[in-house]
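Reader: Before I set anything up with this model, I would like a close look at a single part of it, namely the place where the chains meet and whatever sheet belongs to it. Please take me through that part step by step, in one connected account.

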There are 4 protein chains.
Amino acid sequence: MPNRYAYLGPAGTFTEAALRTLEPDAPAEALVPCSGVDAVFAEVRSAGVDGGVVPLENSVEGGVTATLAELINGEPLLVTAETAIPVAFTLFARPGTSLSDVKRVATHPHALAQCRGWMTRNLPDAEACALASTAAAAQAVAEPGSAYDAAIAAGIAGERYGLSPLAEGIADRSDAATRFVRITRPGPLPAPTGHDCTSLVAFPHDDRPGALMELLNQFAVRGVNLTRLESRPTGDGLGRYCFCIDADGHVSDPHVGEALMGLRRICADVRFLGSFPRSGSPAVTPLRGTTAPDFPAAERWLERIRSGEVA
Amino acid sequence: MPNRYAYLGPAGTFTEAALRTLEPDAPAEALVPCSGVDAVFAEVRSAGVDGGVVPLENSVEGGVTATLAELINGEPLLVTAETAIPVAFTLFARPGTSLSDVKRVATHPHALAQCRGWMTRNLPDAEACALASTAAAAQAVAEPGSAYDAAIAAGIAGERYGLSPLAEGIADRSDAATRFVRITRPGPLPAPTGHDCTSLVAFPHDDRPGALMELLNQFAVRGVNLTRLESRPTGDGLGRYCFCIDADGHVSDPHVGEALMGLRRICADVRFLGSFPRSGSPAVTPLRGTTAPDFPAAERWLERIRSGEVA
Amino acid sequence: MPNRYAYLGPAGTFTEAALRTLEPDAPAEALVPCSGVDAVFAEVRSAGVDGGVVPLENSVEGGVTATLAELINGEPLLVTAETAIPVAFTLFARPGTSLSDVKRVATHPHALAQCRGWMTRNLPDAEACALASTAAAAQAVAEPGSAYDAAIAAGIAGERYGLSPLAEGIADRSDAATRFVRITRPGPLPAPTGHDCTSLVAFPHDDRPGALMELLNQFAVRGVNLTRLESRPTGDGLGRYCFCIDADGHVSDPHVGEALMGLRRICADVRFLGSFPRSGSPAVTPLRGTTAPDFPAAERWLERIRSGEVA
Amino acid sequence: MPNRYAYLGPAGTFTEAALRTLEPDAPAEALVPCSGVDAVFAEVRSAGVDGGVVPLENSVEGGVTATLAELINGEPLLVTAETAIPVAFTLFARPGTSLSDVKRVATHPHALAQCRGWMTRNLPDAEACALASTAAAAQAVAEPGSAYDAAIAAGIAGERYGLSPLAEGIADRSDAATRFVRITRPGPLPAPTGHDCTSLVAFPHDDRPGALMELLNQFAVRGVNLTRLESRPTGDGLGRYCFCIDADGHVSDPHVGEALMGLRRICADVRFLGSFPRSGSPAVTPLRGTTAPDFPAAERWLERIRSGEVA
């Protein structure tokens, strides 16, 4: 029986596209749409599926709050893969609808935010209604007697629900992308590939000025490059934050392991989210002393001096 | 003629409550409700009003994306005041409605997120509809033939629109609060009070590993305590962030001025958002060498040695 | 046959006192006086003896240049023990000499420097002659027809050479002390005792501003406390320095090993001098996150997360 | 009447050469030789002369202890100029002496240290006698019935005292140099030249781990490059150090002033020694954000934002 995967549905979401990228060989019946990010997490936790795919962050809107809330506060799961999907939006309506007919537009709030300029210019008086996903919006528009006149959604969603495009490429920015992750129950980590990402959440002691700088220093001093640092409220009142961090490297790499131990020592808490292959390409040239060969060379030197050899 | 203020309306929002806290003497006709955060900014920029009040961040949901987008990317405005308002939610309906009648609930997405637990337990099958504000939701529910059965809103909103409470205190956390700011066109800054906040956005050079640590170091080395650090995507693709920073102190304070100059030198760009009186109380004890008297003492010492006196 | 030890002689030096403290059971015939620090190092290197004892630093004069030069630039040896000896000086002369007879005073330059105040007040016109050690000075004064009238030396030296004290306790400071080390050929390190010192020399890349700060950061970030940092010219022209460093802990301790690997990566060169039991007591309370139990706790946590356990 | 200058004499020392470099127009009668570094300082302090010249550090031996002790602990004076002199040594004797006749060699201990290799190879059995300066050694050898057979001294000293060279260029390294400084009583500082050095002594609180790193950070964060960091015992027992620091720039430069104020705040004490023109050339390229134009640009920006202009 093939592995089954939950995703933020319904069918036709960008998330489904991400899942198909990550699991190209999965048969259609192995893909389980869920009505919300929290439902995807619940399916994975209850072992109803083998894994789940959810959006993590968007290049315009930032982190996806529901996903971050589950990763930070929910029962712990592992992130085992990632992929980034370019985001392009279309305004879909039932066949026969014209733009001037559109009074109520259904979509997901993040999609709405990314099409705000187009909407202000072209549909200044339309009411925007927030649904759980862009695909749900397309689906809702397709229903007979729908309360909505149009949906902002991905191209795939319009096709699936038999809608007509009223306007394509309506996002304010054409280079927007969303990053998705696959989550699984705890178990063996993906093997290192030499091009990995380690993801975690750090909770600094909040009575210590400069705590965040110390935290970043744990990575810097080991030459571990950070590719994402996102602050989130802990929920314990204004002014208290935790930090979602993505770092280059695999937790089994000695320098990443060192950095994480250092972090663990100085923080109130650290939640490890996983190590997995990077989907993009590295952008940063390591500083002298932190290139890949520097680490095993220093380890061999340490072994020699510990044995009393002079070196 | 009294100063006029735009706010995120309609009447009855938490934002109106914040505005009344900040401007207790403003007559009702001086308060101008707007349909969205972007509309408040537009009113202020076009000089339609003297100032505006918008939500900035919430202790559960984090930063308010629309406000941050305007502050970061829009035509520059100054933040000149702040206040924090405890957030308590009530489920309101038209008189005569019972909980079991509720199929469609209108509210703002942030309010929904903060009542998610209660909703799952008590209204698992209800459809949640996102409106521009909780007050708009209350207003919509109050309309004859409304598409919604109930609204999650502030107490004040229910009263204003003649709704009955079905359940009070339904937020998952009782200590939630939202922080609001007053924005104005550029002009003289509020005078220092000895208990101020300086707010800014820093855009690091993104080709420099450790750039964020250097950035934080500019504050740490001058003993300037940070009370908020929020990363936001710059919008220029995944992996590129700017940082919204709140620091203790006023830009006219020597050590804050020093820190900002240092920041300006090492960053690709810095946007100054304002210095204004803090609404809360400081939590952090300064480290030795960074207490208030340490700074003028060091300045006097510098004057002496520059004059050739030995000291 | 007992182990034989070279020391900075002749008999009667503070160095002999240090050697007797470190090797209380060594018979007199196993102690080999040498005429200079370089001769002690030469004896050890040529295997003429099993070890050697030399002065390393003095609390008034600083580092002992000859010892540092050998440790930094000579054929590598290990430091395997240390001891600190309080320094008290006596002015000795041949019996029958009075203070007013003293025209030429023999001593070691460091001793002279530490008695400078007393000399200026009491023997302002006397010529000071620098010999290889205070004991050599006492010996020289004792010779018939000596060119010197008096010697500044340790109490033990005066007794040994039959001299009379003219003035005791003549050091300008009464709390002066000298630190001595035992050197041996490369071989197994002394076992960790839980109260050890690791000594090394770091040669930063000198084209990198802030190199010393990065170097110190390698220790700080692992909570390794430094007890000595002494700059020395590399000899390659003005403005080029290396740094002699003593750190708390044994190179076999994980956090000390980590710090040394980090140092090795970022420096042009690092010379390990040894790990050995501390003679004094620790003065510094470790910061939160760098106490002894923090390190194995973080290691166990890392093992768990590497195995895919959530933690 | 011309200014008068004390220097470490007698006539013929490297120090005299340094003084003539710094004051090329001073007539011979304005140059006052003193018998020791402490005597030079005493002459300056008592206003017997207008200034003094003393050696500060040597590229082989390191800091000159007597000079550092006066600068660190003595009644405060200002350093107002510096120069570096290449150090070349000659073995001089009375005419008619051959190398095999040399049993006792007079010189200064630093000179001896720098010729140690040559001495070991060529005069292994000679007794080395430490005098106050190499010139004093040459003078002493020139006296009839001298107790010494030869002197290690500067070329100029041999000529002045009528001695013959037995061996020239006997230093172990040919690139050795000594740095000399001119000291004066407190008064107006030398004007900035755009190529200056600021010299000071920092006394960290010694109960604070990482104090030295914080201290260096005060300079690094303002882009102030350090050209010398020399630890010295405070004299208050083993393990307690102060740090002699030379930095690029003049105390009247804003970024140097900032760094010094920062240092003053975090240290137990800071002694300012002076700002004066550099004698050598700068070696370090400033990092982005710390070049000369970056500082006034940031100041102008700060003025704008303080005035409420958006920038």
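**The contact and the sheet at its side**

Author: In this predicted model, the contact draws 36 residues from chain A and 36 residues from chain B. On the side of chain A that touches chain B, at least two residues each come from helix H4 (109–114), strand E8 (127–130), strand E11 (177–184), helix H8 (211–220) and strand E13 (226–233) of chain A. The largest share of that side, seven residues, is supplied by E13(A). Sorted by character, the residues of the side of chain A that touches chain B comprise 18 nonpolar, 11 polar and seven charged.

E13(A) also leads into the sheet you asked about, an open one of four strands in chain A that follow the order E13-E14-E12-E15 with antiparallel pairing. E13 and strand E15 (267–277) of chain A each have a single partner strand and stand at the edges, so one side of each remains without a neighbour in the sheet. Between neighbouring strands of this sheet the turn is 15 degrees on average, when direction is ignored.

Further inside the order, strand E12 (residues 196–204) and strand E14 (residues 241–248) of chain A are paired in the antiparallel sense over six bridges; as one example of bridge partners, A:Val201 is matched with A:Cys244 in E14(A). Finally, helix H9 (residues 254–266) of chain A lies across E12, E14 and E15 of chain A, and the helix runs at about 155 degrees to E15(A).

Technical notes. Residues are numbered from 1 along each chain as its sequence is written. Chains are lettered from A and ligands numbered from 1 in the order in which they are written. This is a predicted model: local features need pLDDT of at least 70, side-chain atom pairs count only at pLDDT 80 or more; totals for chains, interfaces and linings use all residues. Two residues are in contact if their C-beta atoms, placed from the backbone, lie within 7 Å. Ala, Val, Leu, Ile, Met, Phe, Trp, Tyr, Cys and Pro count as nonpolar, Asp, Glu, Lys and Arg as charged, and the others, Gly among them, as polar. Two strands pair if DSSP finds at least two bridges between them. Axes are lines fitted to C-alpha atoms, for helices over the stretch in contact, and angles run from 0 to 180 degrees between N-to-C directions.
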